[in-house]
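User: I would like a close look at a single part of this model, with the side-chain contacts there set out carefully.

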Amino acid sequence: MPFNGEKHCVGEDQPSDSDSSRFSESMASLSDYECSRQSFTSDSSSKSSSPASTSPPRVVTFDEVMAAARNLSNMTLAHEIAVNENFQLKQDALPENSLAGRVRHIVHQAFWDVLESELNAEPPEYEHAIKLFEEIREILLSFLTPGGNRLRNQICEVLDTDLIRQQAEHSAVDIQGLANYVISTMGKLCAPVRDDDIRELKATGNIVEVLRQIFHVLDLMKMDMVNFTIRSLRPHLQRQLVDYERTKFQEILEETPSKYNIWVYIIEREIEK
């Protein structure tokens with residue numbers, strides 16, 4: 001098949017010197033192009049209309065390949081959010097029968113078993129529970145809007161881990177009371193779809209199971225927040241999508257021209273999918 005418009009000689013006549021020269025140049029350019037595709041090299045002077053460059057091609061690093069892939073992934077994600085009204089993120093769930101799923105279950109169960117044994121000890125050991133409340137406090141604070149100062153101050157006051165440690169040292173800490181406050185606060189911050197989860201938390205009697213389920217519902221609430229943000233951004237992305245993709249792609253090419261062949265490769269792989 002002719003490459004970039006060159007003509008092959010047909011028949012038994014011997015090609016002229018001029019034809020041979022043009023054919024050699026075309027084959028050299030074709031060789032350079034194939035080399036760049038197969039080895040991710042970038043030789044900007046390797047064009048079909050000019051002789052092959054005498055300088056060796058620069059090998060693109062693995063980091064550059066990954067950076068190009070991340071940039072394409074970001075543009076693909078923005079495009080999907082803009083055009084797919086049903087797009088939403090979901091929690092990754094490992095198959096229960098998989099090795100990774102079984103290992104995670106065993107590790108998590110061991111953690112909660114240790115926590116239960118510590119809280120049931122005489123005297124009880126509260127350090128791990130206090131660290132859990134500290135983590136819960138930070139998650140709750142992450143849900144607040146910039147204007148939620150009153151609730152922010154209340155959360156920081158009730159879940160003050162330094163104060164909780166002092167109470168624990170004097171056996172005056174109320175773990176169940178702290179858990180009840182957390183559940184009540186979650187009810188104020190969660191989406192309506194989580195109301196049933198909050199009711200189930202309130203009905204759970206075992207404190208260790210309550211803490212376990214608190215983290216589960218908090219994970220769901222974080223995903224709800226992400227999807228709410230996506231829905232809020234969608235109209236803006238729809239208005240700006242074409243300009244964003246054009247500008248982003250041009251910026252990448254201008255900053256790292258050597259990534260052109262990588263982009264061609266990655267785009268072709270995406271099309272194949």
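Which residues form a nonpolar patch on the surface, and how much accessible area do they have together? Please go on from there to the aromatic pairs and the salt bridges.

Analyst: The model is a predicted one, and the values below are computed from it. The nonpolar patch on the surface is formed by Leu99, Val103 and Val107, which together have about 290 Å² of accessible area. Leu99 belongs to helix 3, which covers residues 99-119, and with a relative accessibility of 60% Leu99 counts as exposed, since the cut-off for that class is over 50%.

Helix 3 also leads to the aromatic side chains, by way of Trp112. The count of aromatic pairs comes to two. In one of them, the ring centres of Phe111 and Trp112 lie 5.0 Å apart with the planes at 80°, so this pair is edge-to-face. The two partners differ in their exposure: Phe111 is partly exposed, at a relative accessible area of 34%, whereas Trp112 is buried, at 8%. Trp112 also pairs with Phe215, and here the centres are 6.4 Å apart and the planes stand at 55°, so the arrangement is tilted. This second contact links distant parts of the chain, because Trp112 sits in helix 3 and Phe215 in helix 9 (residues 207-255), 103 residues apart. Trp112 and Phe215 are both buried, and the ring pairs join Phe111, Trp112 and Phe215 into a cluster.

Turning to the charged side chains, a search of the whole structure finds eight salt bridges. One of them joins Glu127 and Arg165, with the closest N and O atoms 2.9 Å apart; Glu127 lies in helix 4 (residues 127-142) and Arg165 in helix 6 (residues 161-169), so the pair ties together parts that are 38 residues apart in sequence. Glu127 is partly exposed, with a relative accessible area of 28%, and Arg165 is likewise partly exposed, at 24%. A salt bridge between Asp196 and Arg199, at 2.1 Å from N to O, is set within helix 8 (residues 195-203), where the two residues are three apart, about one turn of the helix. Asp196 is partly exposed, its relative accessible area being 47%. The side chains of Asp197 and Arg194 also meet in a salt bridge, at 3.5 Å from N to O, and in that case both Asp197 and Arg194 are buried. Finally, Glu134, Arg137 and Glu138 are linked in a network of salt bridges.

Definitions and conventions. Residues numbered from 1 in each chain as written. Predicted model: local features only at pLDDT ≥ 70, side-chain atom pairs only at ≥ 80, totals over all residues. Heavy atoms only, no water. Salt bridge = Lys/Arg side-chain N within 4 Å of Asp/Glu carboxyl O. Helix = DSSP H or I, 4+ residues; strand = E, 2+ residues; numbered from the N terminus. Buried < 20%, exposed > 50% of the residue type's maximum accessible area, 1.4 Å probe, protein only. Patch = residues over 30% accessible without salt bridge, like charges linked within 9 Å, V, L, I, M, F, W, Y side chains within 5 Å. Areas by Shrake-Rupley, 256 points an atom, 1.4 Å probe, with all protein chains shown as cover. Phe/Tyr/Trp six-rings, centres within 6.5 Å; stacked < 30°, edge-to-face > 60°.
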